[in-house]
Number of protein chains: 10
Amino acid sequence: MDRNLVTQKIIQAKVRNKMTWSAIAESIGQSKEWTTAAMLGQMTLTARQAAVTQELFGLSDEETLWLQIVPYKGSLPTPVPTDPLIYRWYEIVSVYGSTIKELIHEEFGDGIMSAIDFKMDIQRQADPAGDRVNVVLSGKFLPYKTY
Amino acid sequence: MDRNLVTQKIIQAKVRNKMTWSAIAESIGQSKEWTTAAMLGQMTLTARQAAVTQELFGLSDEETLWLQIVPYKGSLPTPVPTDPLIYRWYEIVSVYGSTIKELIHEEFGDGIMSAIDFKMDIQRQADPAGDRVNVVLSGKFLPYKTY
Amino acid sequence: MDRNLVTQKIIQAKVRNKMTWSAIAESIGQSKEWTTAAMLGQMTLTARQAAVTQELFGLSDEETLWLQIVPYKGSLPTPVPTDPLIYRWYEIVSVYGSTIKELIHEEFGDGIMSAIDFKMDIQRQADPAGDRVNVVLSGKFLPYKTY
Amino acid sequence: MDRNLVTQKIIQAKVRNKMTWSAIAESIGQSKEWTTAAMLGQMTLTARQAAVTQELFGLSDEETLWLQIVPYKGSLPTPVPTDPLIYRWYEIVSVYGSTIKELIHEEFGDGIMSAIDFKMDIQRQADPAGDRVNVVLSGKFLPYKTY
Amino acid sequence: MDRNLVTQKIIQAKVRNKMTWSAIAESIGQSKEWTTAAMLGQMTLTARQAAVTQELFGLSDEETLWLQIVPYKGSLPTPVPTDPLIYRWYEIVSVYGSTIKELIHEEFGDGIMSAIDFKMDIQRQADPAGDRVNVVLSGKFLPYKTY
Amino acid sequence: MDRNLVTQKIIQAKVRNKMTWSAIAESIGQSKEWTTAAMLGQMTLTARQAAVTQELFGLSDEETLWLQIVPYKGSLPTPVPTDPLIYRWYEIVSVYGSTIKELIHEEFGDGIMSAIDFKMDIQRQADPAGDRVNVVLSGKFLPYKTY
Amino acid sequence: MDRNLVTQKIIQAKVRNKMTWSAIAESIGQSKEWTTAAMLGQMTLTARQAAVTQELFGLSDEETLWLQIVPYKGSLPTPVPTDPLIYRWYEIVSVYGSTIKELIHEEFGDGIMSAIDFKMDIQRQADPAGDRVNVVLSGKFLPYKTY
Amino acid sequence: MDRNLVTQKIIQAKVRNKMTWSAIAESIGQSKEWTTAAMLGQMTLTARQAAVTQELFGLSDEETLWLQIVPYKGSLPTPVPTDPLIYRWYEIVSVYGSTIKELIHEEFGDGIMSAIDFKMDIQRQADPAGDRVNVVLSGKFLPYKTY
Amino acid sequence: MDRNLVTQKIIQAKVRNKMTWSAIAESIGQSKEWTTAAMLGQMTLTARQAAVTQELFGLSDEETLWLQIVPYKGSLPTPVPTDPLIYRWYEIVSVYGSTIKELIHEEFGDGIMSAIDFKMDIQRQADPAGDRVNVVLSGKFLPYKTY
Amino acid sequence: MDRNLVTQKIIQAKVRNKMTWSAIAESIGQSKEWTTAAMLGQMTLTARQAAVTQELFGLSDEETLWLQIVPYKGSLPTPVPTDPLIYRWYEIVSVYGSTIKELIHEEFGDGIMSAIDFKMDIQRQADPAGDRVNVVLSGKFLPYKTY
């Protein structure tokens with residue numbers, strides 16, 4: 001799949017030019033969360049967003065077209081992640097998954113929290129006992145319907 | 001492992017008596033998130049918390065002791081969850097995992113967001129386009145150190 | 001999980017009493033597709049639907065309560081199904097999955113076909129070359145959004 | 001396997017030339033569903049269909065021969081798909097698989113719905129609550145026989 | 001699943017009463033191959049066949065009903081079989097699978113050999129260098145169709 | 001492993017030159033089944049057979065040596081095959097594996113049907129209800145011995 | 001599978017009565033290697049051997065019949081063994097497997113070392129640097145044949 | 001890992017020059033078993049052994065250095081081997097693993113047979129019923145100790 | 001396997017009687033590390049140690065015999081552990097495994113650190129920044145030998 | 001990921017120039033344990049450490065930048081390691097994992113031993129019975145908190 005090659009080229013240019021995701025997001029005009037996911041090959045860009053990206057990373061016209069094609073999503077190489085930071089999130093799903101399920105059902109009934117109509121916000125929270133990562137996940141509740 | 005049997009007994013009593021996790025949490029005196037995880041066999045209770053739980057669910061003395069033993073954690077039966085609600089969280093890790101990693105590293109440097117010094121808050125957010133599930137995850141940042 | 005036991009009891013009563021899913025669905029007052037999924041432990045019943053089910057299968061009051069609890073979903077014992085009929089559906093996802101993805105994206109852009117806001121209709125279509133199974137799947141399109 | 005390389009070349013040419021599967025299907029003279037599956041390396045083309053494809057994508061004579069060789073089928077890189085759109089189909093098999101099995105057996109007896117003598121039609125259905133994807137799957141019923 | 005229990009009961013009765021599959025098949029009035037598969041829980045019996053089976057193995061009326069319900073098929077406990085005899089068949093698929101595919105496609109074009117419209121015959125062939133197992137597999141060829 | 005490269009070269013030459021396995025087998029002087037397996041990298045050729053193969057496919061001297069080296073066998077990329085035709089054979093092992101085991105043991109006692117002292121014959125059988133694939137597998141019975 | 005229950009009963013009786021495999025083998029009249037495998041559910045006993053076993057372990061008549069039925073073989077609960085002693089053997093296959101393959105092919109040509117026409121002898125070899133386990137494996141060479 | 005490339009170069013040179021492992025072992029001055037394992041990338045060579053190897057296979061100085069670096073061991077591409085010869089050894093571990101465990105413990109007590117302080121000897125044993133492969137495995141017994 | 005049942009009985013008695021591993025170890029007369037492993041079913045006890053254990057936990061004579069039988073080892077239910085504490089150790093092997101390998105080889109040459117001739121000591125180390133777990137692992141180095 | 005390429009270049013330069021990890025660590029000014037992990041792609045270097053590394057291994061400026069980017073961690077190619085030295089560590093987790101868990105919880109209560117705020121020291125311990133590898137692991141204890 002060629003989107004992968006464009007993703008690699010973007011990551012390499014970012015390292016070489018010492019860019020930050022926040023600055024890139026500002027250029028694109030979206031949140032840093034959505035923009036990073038898009039740059040890492042998980043989201044589809046509009047023509048305008050792709051043009052900005054082309055400029056930022058020196059992409060060819062064909063590479064820029066690929067940014068506008070819906071990608072085959074999934075950014076991890078193994079079902080159980082090996083990277084410690086990402087594993088901690090997998091562990092949260094493992095340890096708290098049944099809790100999350102119970103509490104959402106208690107509040108909303110049968111259905112799911114959408115991972116599509118979804119947004120995420122990651123912030124640093126200063127704390128004298130050591131700063132914290134605060135992540136807000138917001139997903140639309142979608143109820144199962146009878147028919 | 002016997003904690004599992006206590007967990008099953010709690011879940012069955014909750015269904016039979018039509019209790020809610022929120023009410024149980026109020027009795028225990030902790031958040032509904034921590035309390036549900038504890039009732040589902042993922043957390044260790046103090047003697048006082050265990051005594052309240054015993055009362056609530058009609059547990060035997062031996063069962064009450066098990067609540068105070070650190071459990072073998074992990075609440076899901078398969079590495080990739082099959083339940084649609086829990087799978088959506090696994091999908092978030094799969095699609096956004098590399099994004100989360102990049103943004104935490106950009107803000108904090110090398111390290112992880114703790115899943116131990118961690119808390120979670122799940123709320124309903126009213127929305128005319130359909131109510132949303134809002135989840136706030138807060139974990140201490142732990143840096144890798146050189147030595 | 002106790003819903004499983006209720007499911008087994010329902011299946012056994014259905015065999016013993018030579019009932020059909022269509023007749024059960026008529027009693028419940030929903031489509032045969034939704035009803036069968038519910039009886040097989042994949043859907044949550046309302047109090048009224050549960051009461052009809054209790055009557056039909058001679059369930060206890062406690063078993064009837066379990067029907068109204070959101071179940072841990074997923075009805076297959078292995079990631080790749082071994083039953084030939086169900087495997088053919090897995091094969092359709094394997095062989096045509098990328099085709100389905102391409103054509104939905106071509107028509108709708110980036111997003112998914114919901115498996116929650118979803119319904120299914122299974123019909124026999126007479127055909128001189130051998131009757132056919134016709135299945136209509138209808139799912140709401142959910143677009144990814146930028147933020 | 002070389003068919004993969006031809007598939008990649010076709011996908012890349014399609015992106016570069018901003019073609020649609022519907023237009024390609026019209027040139028080939030088959031449905032958009034069959035044509036997309038064929039272009040993605042899952043179906044075998046006749047000499048005439050291959051010649052049209054050669055023209056459309058600027059393939060070499062040897063690449064065109066490969067289109068007429070029966071491919072090793074299966075279009076997904078993992079047993080449980082990671083792409084959200086394709087996963088939803090896997091989830092349908094997981095949640096509704098036993099339901100589909102029960103209802104087909106109730107109507108037809110023991111046997112399967114063929115995934116070979118099979119066709120598929122994907123349509124947009126306008127809906128004020130959000131447009132829907134409608135998919136019709138039609139497969140011949142094949143009974144198990146005694147001998 | 002209760003068919004499993006019936007299968008176990010049949011196997012145990014067969015051992016206890018020192019019956020042979022061939023004799024059982026003669027009673028049922030089908031080939032020894034189909035009959036053994038049916039007794040091992042892979043096939044669905046007619047009312048008449050089930051009645052003979054009830055007689056032979058002393059089954060209850062409810063157990064006899066289960067024989068007439070289409071079972072969840074698949075008779076092996078692991079994806080790669082551990083039993084040496086059954087593994088040899090898996091090895092044949094592994095070593096000769098691509099050969100079988102090539103030769104069927106060379107003779108018939110794209111399609112499959114049905115495992116549903118299928119029969120099997122197992123015979124001893126005397127041979128001075130050691131007797132041989134001869135197995136004849138016969139499956140209808142099902143062509144992929146364009147649409 | 002270099003035998004793979006020779007196998008790929010043979011397959012590509014066969015496509016380019018529109019050869020058939022039957023014609024190749026006639027040149028090699030063995031059955032089409034053994035010859036195809038050998039060309040697909042599963043069997044070891046004699047010097048004479050390798051020389052014919054060299055001629056047929058325009059192989060180099062070094063490539064021809066590789067044909068005479070015992071290969072690392074196994075022709076499928078995944079434990080559970082994804083290709084529909086090959087999967088049907090895996091399904092036969094899954095559904096009928098215990099049947100095959102029972103019937104061979106009933107006739108021969110404890111032991112296996114050899115997959116080494118083994119041959120296979122694949123034929124088309126004309127049938128008004130649709131032609132059939134007939135496959136005869138013949139393997140020496142090897143008894144377990146006590147010692 | 002009931003043979004498992006007989007195996008468990010034998011193991012428990014052996015512990016309770018402080019028997020040794022060597023003494024059991026002497027009673028059965030076979031090597032300690034074959035006898036242990038048979039007692040652990042991997043081999044089929046003759047009527048005479050089963051009668052001795054019945055005596056030794058106080059089995060019922062029905063349990064004794066099960067010893068004479070060919071078992072579903074494979075004595076380990078996981079594909080990669082977790083027990084350190086058994087894992088060392090798996091490691092030998094992993095580290096030396098390609099060596100064993102090369103040397104057998106160099107001596108015998110293409111084929112296998114039989115695991116059916118096979119015997120094993122385990123002996124203690126005194127050694128001043130620490131006693132050694134000496135295991136002799138002897139398997140008939142079975143050549144692949146052309147046809 | 002570069003040792004793999006050296007291994008491939010050695011294997012290719014061996015085929016091209018029609019060398020045997022026995023002759024190579026004689027040049028190296030070690031057993032054919034150890035030498036083959038070393039050439040296949042599983043053992044570490046001394047400077048002298050590496051120099052002989054360099055000469056034999058025409059390796060560069062850098063490649064010769066790699067022979068003296070401890071390799072990442074494990075010579076098989078899959079947990080369950082697909083090659084029939086190597087699989088038979090895996091089957092021996094599966095069928096006889098518990099037997100080997102029992103008999104070593106009976107003779108030596110708790111501990112393992114070392115796969116490190118280990119040697120192996122593979123010989124042809126002439127036999128009128130078909131020659132046999134005889135393999136002697138010798139490993140030091142290592143007892144678990146209390147502390 | 002019956003040792004598991006004895007292990008469960010020990011764990012349950014320990015909870016019921018509020019015993020500690022340290023106190024149990026003192027009674028047994030071994031380190032708390034070895035003793036805990038033994039009580040959890042991973043080590044073999046002498047007659048004397050078993051007698052003490054019998055007394056401590058009120059075991060039957062037959063259960064006490066099982067403590068003296070070498071167990072099938074491996075104390076975790078899944079290849080990748082789900083419990084957060086145990087997972088951290090798996091992560092250490094994943095992240096630092098290649099480092100450990102390199103440094104042991106640099107110091108000792110080719111070979112392994114024994115997990116059999118092995119001991120472990122776990123201590124609390126007071127630290128103003130938060131107390132630390134200090135674990136000392138000591139294993140004999142076992143060199144690979146040429147032969 | 002490009003850090004892998006830098007890691008490979010470092011390993012190759014180390015072999016070619018016969019460097020030791022200890023000497024490299026001295027140049028970097030950190031322990032040999034941390035330094036080796038960093039060189040093997042598991043840790044992030046400061047600008048100064050990266051500059052020394054660049055000098056030592058002749059890296060390009062871009063490669064040196066990659067050393068300062070947080071890597072995707074995990075240094076092993078398979079969930080269960082195949083290399084005998086690394087496997088022994090996996091075995092320690094398997095056999096002693098539950099012991100480690102019990103003893104840390106007994107001393108500290110519920111929580112984990114950090115693998116992030118973690119250090120490791122590997123030393124040779126002379127021993128007349130054969131030298132030993134001594135490894136000290138030190139990780140901060142992190143308690144679960146209620147909220």
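1. Let me start with the smaller-print contact you may want to look at: chain F and chain D bury about 1200 Å² between them, and carbon and sulfur atoms give 61% of that area. On the chain F side, Q12(F), V15(F) and D83(F) lose the most area to chain D, together accounting for 37% of what that side buries. Please keep in mind that this is a predicted model.

2. How many residues does each chain bring to this contact? Chain F supplies 15 residues and chain D supplies 12 residues. By class, the residues on the side of chain F that touches chain D are 8 nonpolar, 2 polar and 5 charged.

3. The polar side of the F–D contact is quick to list. There is 1 salt bridge between chain F and chain D, and you can find it where the side chains of R16(F) and E62(D) meet, at 3.1 Å from N to O. The count of residue pairs in polar contact between these chains is 4, with both residues at pLDDT 80 or more.

4. Which elements of chain F give two or more residues to the side that touches chain D? They are α1 (2-16) and α6 (84-108) of chain F. Of the elements, α6(F) gives the most, with 5 residues.

5. Now to chains A and B. The area buried between chain A and chain B is about 6500 Å², with carbon and sulfur atoms giving 66%. Each of the two chains puts 68 residues into the contact. L85(A), R132(A) and V133(A) supply 10% of the area that chain A buries against chain B, more than any other three residues.

6. Across the A–B interface there are 6 salt bridges. In one salt bridge, the side chain of R132(A) meets that of D117(B) at 3.0 Å, N to O. Residue pairs in polar contact between chain A and chain B number 34, both residues being at pLDDT 80 or more.

7. On chain A, the side that touches chain B draws at least two residues from each of α2 (21-28), α3 (32-39), α6 (84-108), β1 (111-125) and β2 (132-143). The largest share, 24 residues, comes from α6(A). By class, this side has 34 nonpolar, 17 polar and 17 charged residues.

8. A strand pairing also links the two chains: β2(A) and β2(B) (residues 132-143) run antiparallel and are joined by 9 bridges. To see one of the partners, look at L137(A), whose bridge partner in β2(B) is V135(B).

9. Finally, the domains of chain A: the assignment gives domain 1 (2-66) and domain 2 (84-143). Their centres, taken over C-alpha atoms, are separated by 26 Å.

Key
Residues numbered from 1 in each chain as written. Chains lettered and ligands numbered in written order. Predicted model: local features only at pLDDT ≥ 70, side-chain atom pairs only at ≥ 80, totals over all residues. Heavy atoms only, no water. Contact = heavy atoms within 4.5 Å. Buried area = accessible area lost by both parts, 1.4 Å probe. Salt bridge = Lys/Arg side-chain N within 4 Å of Asp/Glu carboxyl O. Polar contact = N/O pair within 3.5 Å; in protein donor to acceptor, adjacent residues only side chain to side chain. Helix = DSSP H or I, 4+ residues; strand = E, 2+ residues; numbered from the N terminus. Nonpolar A, V, L, I, M, F, W, Y, C, P; charged D, E, K, R; others polar. Domains from an automatic or database assignment. Pairing = 2+ DSSP bridges.
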